[in-house]
Structure formats: C-alpha cells, structure tokens
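Open the model in your viewer and get ready to click along. This tour tells you what to select at each stop and what you will find there.

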Amino acid sequence: MAKKEQHTIQQILADIHKRKFAPIYFLMGEEPFFIDKITEALLEKVLTPEEKDFNLTVMYGGDTEVGTVISAARRYPMMSEYQLVILKEAQLLDQFDLLENYTKQPVSSTVFVINYKHKNFDSRKKLMKDIAQVGIIFESKKIYDNKVPEFVMNYVSGKGLSIDGKAALMMADYIGTDLNRLCSELDKLCISPDTKEKKITPAIIERNIGISKDFNNFELLKAVISRDIYKANQIQLYFSKNTKENPIMVTLSVLFNFFSNLMLAYYSPDKTEGGLMKELGLKSTYAAKDYIVAMRQYNAFKTMDIISTIREFDARSKGYGGSYSQDELLKELLYRIMH
C-alpha cells in the first residue's frame, strides 16, 4: 500500500518557496482550500512571468484525455529550467489510472500538479505507489469546527499580525469551516486601517465585519459557563431578532463542542490549567480556565444530561417531532442547560 505523504502544508509550502520542487504533486481530499494554496504557490514560484508563456499548461479533467495529459507532461521546457503542468478537476478525468504510464517514469524537468478534489483516490493503486516513490501525496482534510480558531490565529500570524482569542472565536463562530470565505474576510481585516497596531480585536471585527462583540456565540458560551442567566437571556433575545446572522445550528455546535470537551475534562487525571490544556489540546490558558469554571457549575452527571439535551435540540431544529422556531428552541435549550 502506498504510504500517504507525511508532510504538512507548512513544510510543502516552505520547500516550494525555497524552489525545492517535487516532480509530481498529488493533492487530494475533501478540503479544496489547502489544495488551492499549494497550487497557487507552485504557480508563483516554479516559473517567472516570462517563462509561463511557453511552459505553463493548465488542463481540466472533464475537458481532456489521459493521453493529452501525459503528452503535455512529457514535453521539455523551452528556455526554462522547468515546465509546469496542472491538471485541475482530476477526479473527472476518464481512465485516471492510466496516468501511471507517466508516473512510473516522470520527466525531471516537469512539475506535474494533480488537483483531485472533494474525495481521496485509492492509495492501493499502482499510480499512488509510483507517486509515493518520487513525489508528494498530500491529503487535504476537512477542518473540524473546534480547530477553526487555531487556524484563524495561524493565518493572521502568517500575515504578520496577531489576533486575540475572543476575536478568533468570533470569526470562527460567524463563518465556520468555509476556509475560502474565512480567509477572504481575514484578508480584509489585515489591510484595514484599523489594524495599524498589527492586532485584530473584537472591536475591529465589529466595525469591519458586522459581528457584534457583545452578542455572539462566544459571549453566549461564556454566560452559559458561568451560569449568568441574565446575560444568556440578553444574547438569546438579540439572536431572536437577528436569526439570519445567528443560526441556531452554529450555536448548537459551539455548545456541543464545549460540553463534549467538558466531559473529557472530568476524565483528565490532571485538572490544572496545564493538565487540561494537554488533555484537550488547548492553545491558551484562558480556554483551560473556562473548563475549570464550568466544572464548578456543572457536575459530570449534569454535563452528560446537557450533551443529551443538545442532541435532542439538534434533532428538533431539523424538524424532528414538530416545527419550532429558532427563538423557541434556543430559549428552551438555555433554560434546560442552566437550571
């Protein structure tokens, strides 16, 4: 069985920026963002603008044939060290397996990029074994909801700015796992005149994106953690008047992720801030403090009951057992959690 590429996207991009190119890049998986990111880096670094006229070939799997792709990859560059051949929408290419006629003996002066999006190719195939020997296989996995704030922080850091924890959570809750849209909004924030101090804050997000810094899922979760019923009801009322910007499915996901982790926290042998950071994979002490506060407010039995309740309301929000408004569901859910 072919061994899947162990490189991280950071390692792959670092090598590309050093002009250390592999002859084949097989980029596959459910998350198109990372596939596009690597492809864009190769487009920028392999060829100069002048070299692209004769040495860049972009094809689409649904509009071409295997033989045409192989012929293009076997050509030699003109007045350039490399030629770059990009096969987009490779998952639509008929007789895809026949690419092994090229991958078993690739041309060293060709950088061949295969974009196989929205699914994985069978790693047991000979094609994959050949690529694993000489090139890079990268599986672009969907990012989980609870990993989005970390992604936001890393992305902003890569732009030479910083973003505080609350602001990162606000962006994650508002946009979710649509990384292309998320990065587009973050790019706007990074070039905003408001960020002249090189830090993105909740106030800056409120002014530029339109997310309320006081009435959002982050603040609702903080209110639930501390059992601040008054604050939670204020936010619930705000959400009821702004349902389009605050869909209940996002709120349910935020609450479920937290209380699922809280259940894990009860099983942690070390319930200090440091111990919980390690056990739950947290990146900051303020996040660990939330779990310590929550353990004082909700015992393990109540936490199990809350997880069950959130699942019940998830089903009800999808129409199971009757028709309910978001306002009704959230109001009842918060009552059952905090009482």
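We start with the whole chain and then visit its parts one by one.

**The whole chain**

Keep in mind that this is a predicted model. Show the chain as a cartoon: its secondary structure comes to 17 helices and 7 strands. Along its principal axes, the C-alpha trace spans about 70 × 45 × 45 Å. Of the 339 residues in the chain, 46% are buried. Now think about contacts between residues with a separation of 6 or more: 73% of these in the chain involve residues 24 or more positions apart.

**The open sheet**

Next, select the strands numbered 1 to 5. They form an open sheet of 5 strands in the order 2-3-4-1-5, with parallel pairing. Which strands stand at the edges? Strand 2 (56-60) and strand 5 (136-139) do, and each has a single partner strand, so one side of each is left without a neighbour in the sheet. From one strand to the next, the twist averages 10°. As background, strands of a sheet pair through backbone hydrogen bonds, either parallel or antiparallel.

Highlight strand 3 (residues 83-88) and strand 4 (residues 110-117), which run parallel and are joined by 5 bridges. To see one of the partners, click valine 85, whose bridge partner in strand 4 is phenylalanine 112. Now add helix 2 (residues 32-45), which packs on the sheet and touches strand 1 (24-29), strand 2, strand 3, strand 4 and strand 5. The direction of helix 2 makes about 160° with that of strand 4.

**Strand 1, covered on both faces**

Select strand 1 by itself. How many of its 6 residues are buried? The count is 6 of 6, so this strand is mostly covered. Turn on its side chains and rotate: Ile24, Phe26 and Met28 point one way, while Tyr25, Leu27 and Gly29 point the other way. In a regular strand the side chains alternate between the two faces of the sheet.

Strand 1 pairs with strand 4 in the parallel sense over 6 bridges, and 4 bridges join strand 1 to strand 5, also running parallel. Phenylalanine 26 is a good residue to click here: it stands opposite isoleucine 114 in strand 4 and opposite isoleucine 137 in strand 5.

**Two loops with a positive phi**

Most residues other than glycine have a negative phi. Here are two residues that go the other way.

- Select histidine 118, in the loop between strand 4 and helix 6 (126-134). Its phi is near 75°, a positive value in a residue other than glycine. At 52% relative accessibility, histidine 118 counts as exposed, because the cut-off is over 50%.
- Move on to arginine 227, in the loop between helix 11 (217-225) and helix 12. Arginine 227 has a positive phi of about 55° although it is not a glycine. Its relative accessible area is 28%, so arginine 227 is partly exposed.

**Helix 8 and phenylalanine 218**

Select helix 8 (residues 165-175), which is mostly covered, with 8 of its 11 residues buried. Among the buried ones are Ala167, Met170, Met171 and Asp173. Just after helix 8, click glycine 176, which takes a positive phi of about 80°.

Now find phenylalanine 218 in helix 11. Is phenylalanine 218 buried or exposed? Its relative accessible area is 10%, so phenylalanine 218 is buried. Leaving aside neighbours within four places in sequence, phenylalanine 218 is in contact with Lys166, Leu169 and Asp173. Phenylalanine 218 and aspartate 173 are 45 residues apart along the chain, and their C-alpha atoms are separated by 7.5 Å.

**Asparagine 261**

Go to helix 13 (residues 248-267) and click asparagine 261. With a relative accessible area of 15%, asparagine 261 is buried. Not counting residues up to four places away in sequence, asparagine 261 touches Leu280 and Tyr291.

**Last stop: the cavity**

A search of the whole structure finds 1 cavity of 30 Å³ or more. The largest cavity has a volume of about 60 Å³. To see its walls, select Gln236, Phe239, Ser240, Thr243, Asn246, Ile248, Gln326, Asp327 and Leu330. Which helices each supply at least two residues of this lining? They are helix 12 (229-241) and helix 17 (326-338). By class, the lining has 3 nonpolar, 5 polar and 1 charged residues.

Key
Residues numbered from 1 in each chain as written. Heavy atoms only, no water. 1 Å grid on protein atoms, 1.4 Å probe; cavity = no way out; pocket = protein on both sides within 12 Å on 5 of 7 lines; lining within 4 Å. Points joined across faces, edges and corners; volume = space filled by probe spheres on them. Nonpolar A, V, L, I, M, F, W, Y, C, P; charged D, E, K, R; others polar. Buried < 20%, exposed > 50% of the residue type's maximum accessible area, 1.4 Å probe, protein only. Contact = heavy atoms within 4.5 Å. Pairing = 2+ DSSP bridges. Axes fitted to C-alpha atoms, helices over the stretch in contact; angles between N-to-C directions.
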